[in-house]
Every structure is written in structure tokens, then in C-alpha cells.
Amino acid sequence: MNALRLTVGWLAAAVAGRIVSGDPDQEVGNVVTDSRSLQAGDFFIALRGPRFDGHGFVGEALGRGAMGAMVAVGADLKVGPYENAAIVEVADTTIGLQDLAHAVREAAATKVIAITGSAGKTTTKDTIADFLSASYRVVKNKGNLNNHIGLPLSLMQLRDRPDVAVMELGMNHAGEISTLVAIADPDVRVWTNVGDAHLGFFASPDAIADAKAEILERAESHDVLVCNADDPRVMARAVRFAGRTVTFGEAEGASVRAIDIEDRGIDGMRAHITTPAGERVIETPLLGRGNLANVLAATAVALDSGISLDTIAARAAALRASDRRGAVHRLRGGVTLVDDSYNSSPAALKRALDVIAKEGRAARKVAVLGEMLELGAYARELHRESGRAASAAGLSALFAVGGAPARELADAAVAAGMSAANVAYFEKSDAAAPAIAAAIRAGDVVLVKGSRGIRTDLIADRIAEEFA
């Protein structure tokens, strides 16, 4: 199928904008919002935010070869000698970007799969894309472009009219998923779970579930919901879905169900799965039951899209963890690094510790646990619970990094039975990295996990360098 051709006139109509200058028939180049990454022929959208205003960079963008720009009504552009550029004026450029993405999505006629959940979104997205790529041309979000700006930019890939777009939807406040659903208009919605990530922005886990449930909005009878049969908060809200529901999990009655589960520690998971298309044994190097659930979700989507169970099983066995999301690195001296430093929440940390607890071949089990952010008034108690979980995992050494909640985690681990001599606390990751790397011994299995703001990735990288 030919690529979708966007002209200045088409774009202006899609965003209810006014062409201030330029040729309506001129073709619109790649859409960008960052003038630093702009290339000649691109179309620049000048976004405004609390700490920036892209209108101050319109002149720079045009000077670097942008063919045009979307700007807000009344903006002082100061574009100098670039008056012949295609300038489209709108009331609000952020809404303009979102409207443009929605128009592209509708015109492309691509099947859109949208994913939300407190944990596992990226792994589920990557796994769905991998399974479907066996038979379809597939695009997905790049990196973490999953919010009210990143999702529209990701949807611009639909100008090439792929068969399927797999998009994760991120949020940390109520109403955000609703906005993203309106933009993406998904044909298939995947709801992985409800956890305690971003709990500091909500009154309760039920409030998080209500916000995630916005994934159900605007559905029609032909749309599909793939949801977690093991999560009571998900299932209690899924009954409101207007379309067809497919479930996954370990619960009896799940459409795609895992039984006879074998947790193989850092070697991954194995399970017998039952589906409407038959039964298979699935093996994956992805770690833990959380990732098994992600594979089950992807299996449900793939089966619904006509991918065979044999193909799914073969691809599941070849999966690799997304960067810093449980990636296993086997290093010199028999050191095994489990780099899960991309982010953390209490529920996700518990699942990661369960993996380490089941690893029976390590000389020592070591965890580097960064503070978990955005937990608000729940932070201290949830970190204490995590400290107790760390102690129960049978760790030989624990390093906690971050502010006061991280110290609470360390203290709780000691109170739960870990020797104080085997527990250390650091305030900053950059200062902790050399000391922790020096403490690692041959044969250790080392889990590194923490919220992005704590930068435990610095520690993971230092360990990898020391044992390269």
C-alpha cells in the first residue's frame, strides 16, 4: 500500500488550522517537535510547556531547512527571511499535534493495538510486536514515547501504512489514558494489571484502576479487550467493555491460561498453556511470573490476529528482555547481572525478588535496590514492606540507594533478619557505584532495580564494566 501523502492543506484541515503562508499543495515532511533533531524538509510543531516555548525556535528550525511549522495564534515568530515557509496557525499546538496524529491514524487504516497497565507495558508491547511481525508489517512506540506528546509522534509512523501499530499508553494522573484513547482509537486494548506505580498521585489502588479503566472508553462492538484474568481490579471493570473480551492468566477459565508453571530463576519461565487454538508448552528466557503474564497477553493478541501457536512458541523461546527491563548479562567470573534499572514499583520489585529467590546456583544473591518514587504518603510503609521482602528472598547482600525511604528499606531488611553487616545504604547512585562494584564477587547474581530518577543504571553499568 502506498504511503499516506500529507499536504499542507490536508494538515491544516485535520487540525482546524489556518494557512498563514506557503503552498497548500506542498507535501509535509517528517513531523518533529525538537528543533535539535530536525532535518531539512521536516515540519516543526512549536509546543509550549511550563518550562519551554517552541515558538522561540521556529526561526532556527526554518533556518535549518524545515519546510514549515505549526504555531499558535498570535505567536511572535520573528522568522526573518523565511516568509515563504508553510506556516499553519492553530489555537493550541499540543492539541494540533494530537489532532494531526488522530487524522493520520484514521486515514492510514492501520490496526492499532493499545496497551496500558501498571507494569509490563513495554515488554508486552515488544512481545506483541515480535509475535505479529511473523505475518504483518508492524510499528511500535519508539523508546518511552507514550504520553500526550510521545504517542502522537509515535503514530506518525502510520504515514507508511503498516499493517499493525502497537502502542503503549502511559499515565500518572486520571484523565490521561482517556486523552490517549481518543487520539489512538485502538481496535485492540490490552490491560496488563493494576499495581502501585504512581500511587502518590492517587487516593488508592482502586483510584489507579479507575484511571487505567479509561482504556475501555470509546469502544465499539467490534473492538477487542485483552485483559488479566488474575487481577480482580481489572476484571471488575472489564465488564463495562462494549466489545469482545479475551482474558489471559493462571485463573481457571482464562482464554489463554498457563498451567504447570516452572520458574527457572534467571533462565526464565516454562509453562503449559491452554488456548482456544490448542495447547502448547511455552518457554521464554524472560524472567518471572510477571513476564510470563506479558507473554500470555501477547499470545492472546497474536492468536486473535491469526498467528499460529507453533509460531508463537518459537518466537517466545527467542525473546530478549527490553533494555534495562530484566536484561540478564553473564559477565566475567561467573557474575550474572540482572539489569532491571529502568524503573521500579513495590509490586514489580516483589516479582523481581521472587526471581532471585528461586535462583539456586549463585554463590551469593545480591540486590541493589533504588528508592521507588511517586508513592506519596505510602512511600515509607511500602519501602519497609519491600525491605522485608528483600530479607525473605535470601539475599547475601543488600545495597539500598536513594532518600529516606531507601534507608527505611535497608533498616526493615535488617529488622526482618538480615545481618546489618550485609546491608548498606547510599544516598546517590554515582557515589554508590564504585563501592558496590568493588563488593561484587565471582559467582554472584546481582539484581539492580530502582526508579529512573535514582539512576541505578549507573550502578549496573559500573558492575558491567568491572566484570567485562
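Here is a friendly chat about a predicted model.

Colleague: Which strands stand at the edges of the open sheet?

Modeller: Let's start with the order of the 6 strands, which is β17-β18-β22-β19-β20-β21, with mixed pairing. A strand at an edge has a single partner strand, so one side of it is left without a neighbour in the sheet. The strands placed that way are β17 (327-330) and β21 (423-426).

Colleague: In which sense do β19 and β22 pair, parallel or antiparallel?

Modeller: Look at residues 364-370 for strand β19 and residues 444-449 for strand β22. Val 366 stands opposite Val 446 in β22. Over 6 bridges, the sense of the pairing is parallel.

Colleague: Which helix lies across β19, β20, β21 and β22?

Modeller: Try residues 429-439. The helix there runs at about 170 degrees to β20 (397-401). Its name is α14.

Colleague: Which residues touch the most other members of the largest nonpolar core?

Modeller: That core holds 84 residues. One of the residues you want touches Leu 6, Trp 10, Leu 11, Val 15, Val 31, Ile 45 and Met 156, leaving aside residues up to four places away in sequence, and that is Leu 100. The full answer is Leu 100, Trp 191 and Leu 398.

Colleague: How many residues are in the other core, which lies apart from that one?

Modeller: Among its members are Met 269, Leu 296, Ala 316 and Leu 319. The count for this other core is 36 residues.

Colleague: Is the aromatic pair of Phe 399 and Phe 426 stacked, tilted or edge-to-face?

Modeller: The two rings link distant parts of the chain, as Phe 399 is in strand β20 and Phe 426 is in strand β21, 27 residues apart. Their centres are 6.5 Å apart, with 35 degrees between the planes. Planes under 30 degrees apart would count as stacked and over 60 as edge-to-face, so this angle fits neither. The pair is tilted.

Colleague: Is Phe 399 buried or exposed?

Modeller: Its relative accessible area is 9%. Buried means under 20%, so the value falls on that side of the cut-off. Phe 399 is buried.

Colleague: Is Asp 260 buried or exposed?

Modeller: You can find Asp 260 in strand β14 (residues 256-263). Its phi is near 50 degrees, a positive value in a residue other than glycine. Its relative accessibility is 61%, and the cut-off for this class is over 50%, so Asp 260 counts as exposed.

How values were computed
Residues are numbered from 1 along each chain as its sequence is written. This is a predicted model: local features need pLDDT of at least 70, side-chain atom pairs count only at pLDDT 80 or more; totals for chains, interfaces and linings use all residues. Side-chain values use heavy atoms; hydrogens and water are left out. Two strands pair if DSSP finds at least two bridges between them. Helices (H or I, at least four residues) and strands (E, at least two) are DSSP runs, numbered from the N terminus. Contact means heavy atoms within 4.5 Å. Axes are lines fitted to C-alpha atoms, for helices over the stretch in contact, and angles run from 0 to 180 degrees between N-to-C directions. A nonpolar core is a set of buried Ala, Val, Leu, Ile, Met, Phe, Trp, Tyr and Cys residues joined through side-chain atoms within 4.5 Å. Buried means under 20% relative accessible area, exposed over 50%, partly exposed in between (1.4 Å probe, protein chains only). Rings of Phe, Tyr and Trp (its six-membered ring) pair if their centres lie within 6.5 Å; planes under 30 degrees apart count as stacked, over 60 as edge-to-face and the rest as tilted.
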